[in-house]
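Subject: Handing over the structure

Hello,

As promised, I am passing the structure on to you. Please open it beside this email, and then read on for what was found in it.

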Amino acid sequence: MNISDLSKQIEVIYEESLKVFKAASSSKNLYDLKVEFLGKKGKLSLLMGLMSKLPNQDKPKFGSLINVKKKLLEEAYTEYKTKLDLIDLNKKLDQEYLDMSLPGKEIETGALHPIQKVSENIVNIFSRLGFSVRTGNLIEKDYYNFEALNIPKDHPSRDMQDTFYIDDNHVLRTHTSPIQIHTLETEKAPLRIIGLGSVFRSDSDISHSPNFYQIEGLLVEKKVSMANLKGTVSFFVKEFFGKELKTRFRPSFFPFTEPSAEVDCQCSSCMGSGCSLCGQTGWIEIGGCGLVNPKVLKLSNVNKDTENNETDWQAYAFGFGIERMAILKYGIKSIRFFNQNDIRFLSQFK
Ligand code: PHE
């Protein structure tokens, strides 16, 4: 065995390896070939093993010859691998082609309940007039729900038929007016507050639900008149419906207001000409209102501040049914829809 034989063998292996590297069909195939020629037990390494059989003076030459070829082959490997990797990537990208014009998956989102939506809407309008929100309690003492509002013991609205009694002294609030009393007792005039939330009456038929929602307004200032009240309510109705709807006050009676009125607004559906929604009258009742009865202010000690001469406070109050407002605004056919949680109904308010 001499150096020239071995050199020839190196050359043969080198040429063969270059040829197969070039012909490799994939990165994986190329890697296998690299192992076959350049790996620890590869063809070049086997030749290296023969070095011991050479005379000493030829060993360095042989060693460097093998190293040069090995380096060249490694460079060739890197070059072909880069090319093959790119081909592989393009193949993969072709297979995984994304059609960007396809519609995306629809994500179902929730929506505010129409009662919540209308409540927020009403609060927004009144907050622009300087009113801020109070919520009160769902269970009220008899005193706050009735007595303090000048509703005497024998008043018809105390009838068992209308009121859910918890015990002799507690009721589920039948209106949001107790919020007026809590505010009068705990806060100092002047005041502009909106009270809203659930109320309960033992009354259930096609147009009445035992649990419904009210919104209440209370303003306490030095000079308060029915004209102020009517101005505020008319402004509110126009803002809420977004139309020039007229409002009208009809004389009425509430123990806690004097004078009292029922508030009607022009039917938002027919604009006053008469339709099935307003029973052909052109008007729809939305709630009650009035100047707060001085007896109520007195019971809550509003005009007791004689020291500061703050004794001439007056007040107006109003209360609307929120369902009624929602029905009118969205043309909802029945009050029952609000409590059924039917997704087909609710999803219309997105
Ligand atoms: N609390 C009354 C009701 O529930 C409505 C109302 C509120 C009337 C404020 C006048 C003033 O019927």
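Below I go through the sheets, the core, the aromatic pairs and two lysines.

One thing to keep in mind from the start is that this is a predicted model.

**The seven-stranded sheet**

A good place to begin is the open sheet of 7 strands, which follow the order β1-β5-β6-β10-β9-β8-β7 with mixed pairing. Its edges are held by β1 (132-134) and β7 (247-254); each has a single partner strand, so one side of each is left without a neighbour in the sheet. On average, and with direction ignored, neighbouring strands here are turned by 25° against each other.

At the β1 end, the pairing with strand β5 (residues 191-200) is parallel and runs over 3 bridges. If you want a spot to click on, Ser132 stands opposite Ile193 in β5. Helix α5 (residues 114-127) packs on this sheet, where it touches β1, β5, β6 (211-221) and β10 (314-321). The direction of α5 makes about 165° with that of β5.

Now look at strand β9 (residues 283-292). Why can β9 be called largely enclosed by the rest of the structure? The reason is that 8 of its 10 residues are buried. On one hand, β9 pairs with strand β8 (residues 257-266) in the antiparallel sense over 8 bridges, and Thr257 has Val292 in β9 as its bridge partner. On the other, 5 bridges join β9 to β10, again with the strands running antiparallel. There, Leu291 has Tyr316 of β10 as its bridge partner.

**The three-stranded sheet**

There is also an open sheet of 3 strands, in the order β2-β4-β3, with antiparallel pairing. Here β2 (139-141) and β3 (165-167) stand at the edges with a single partner strand each, so one side of each is left without a neighbour in the sheet. The twist from one strand to the next averages 30°. Between β3 and strand β4 (residues 170-172), which run antiparallel, there are 2 bridges. In this pairing Tyr165 has Val171 in β4 as its bridge partner.

**The nonpolar core**

Which residues touch the most other members of the largest nonpolar core? They are Phe236, Phe320 and Met325, out of 43 residues in that core. Helix α8 (residues 226-241) gives the largest share of the core, with 6 residues. Phe236 is worth selecting by itself: leaving aside neighbours within four places in sequence, Phe236 is in contact with Ile122, Ile125, Phe126, Phe320 and Met325.

**Aromatic rings**

Phe236 and Phe320 turn up again in one aromatic cluster, together with Phe126, Phe131, Phe240, Phe241, Tyr316 and Phe318. Across the whole structure, a search finds 17 aromatic pairs. In the pair of Phe126 and Phe131, the ring centres are 5.4 Å apart and the planes are at 70°; an angle over 60 degrees counts as edge-to-face, so this pair is edge-to-face. Phe126 and Phe131 are both buried.

Tyr330 and Phe349 make another edge-to-face pair, at 5.0 Å centre to centre with 80° between the planes. This pair links distant parts of the chain, 19 residues apart: Tyr330 is in helix α10 (residues 322-330), and Phe349 is in the segment after α12 (343-346). Are these two residues buried or partly exposed? Tyr330 is partly exposed, with a relative accessible area of 32%, whereas Phe349 counts as buried at 7% relative accessibility.

**Two lysines over rings**

Lastly, please look at Lys69, which has its place in helix α4 (residues 59-95). Is Lys69 buried or exposed? Lys69 counts as buried, because its relative accessibility is 13% and the cut-off for buried is under 20%. Not counting residues up to four places away in sequence, Lys69 touches Ile10, Glu11 and Tyr14. With Tyr14 there is a further detail: Lys69 lies over the face of that ring, at 4.3 Å from the ring centre. Lys222 has a ring of its own to look at, since Lys222 lies over the face of Trp313, at 4.3 Å from the ring centre.

I hope you enjoy looking around.

Best wishes

Methods. Residues are numbered from 1 along each chain as its sequence is written. This is a predicted model: local features need pLDDT of at least 70, side-chain atom pairs count only at pLDDT 80 or more; totals for chains, interfaces and linings use all residues. Side-chain values use heavy atoms; hydrogens and water are left out. Helices (H or I, at least four residues) and strands (E, at least two) are DSSP runs, numbered from the N terminus. Buried means under 20% relative accessible area, exposed over 50%, partly exposed in between (1.4 Å probe, protein chains only). Contact means heavy atoms within 4.5 Å. Two strands pair if DSSP finds at least two bridges between them. Axes are lines fitted to C-alpha atoms, for helices over the stretch in contact, and angles run from 0 to 180 degrees between N-to-C directions. Rings of Phe, Tyr and Trp (its six-membered ring) pair if their centres lie within 6.5 Å; planes under 30 degrees apart count as stacked, over 60 as edge-to-face and the rest as tilted. A charge sits over a ring if NZ of Lys or CZ of Arg is within 6 Å of the ring centre and within 35 degrees of the ring normal. A nonpolar core is a set of buried Ala, Val, Leu, Ile, Met, Phe, Trp, Tyr and Cys residues joined through side-chain atoms within 4.5 Å.
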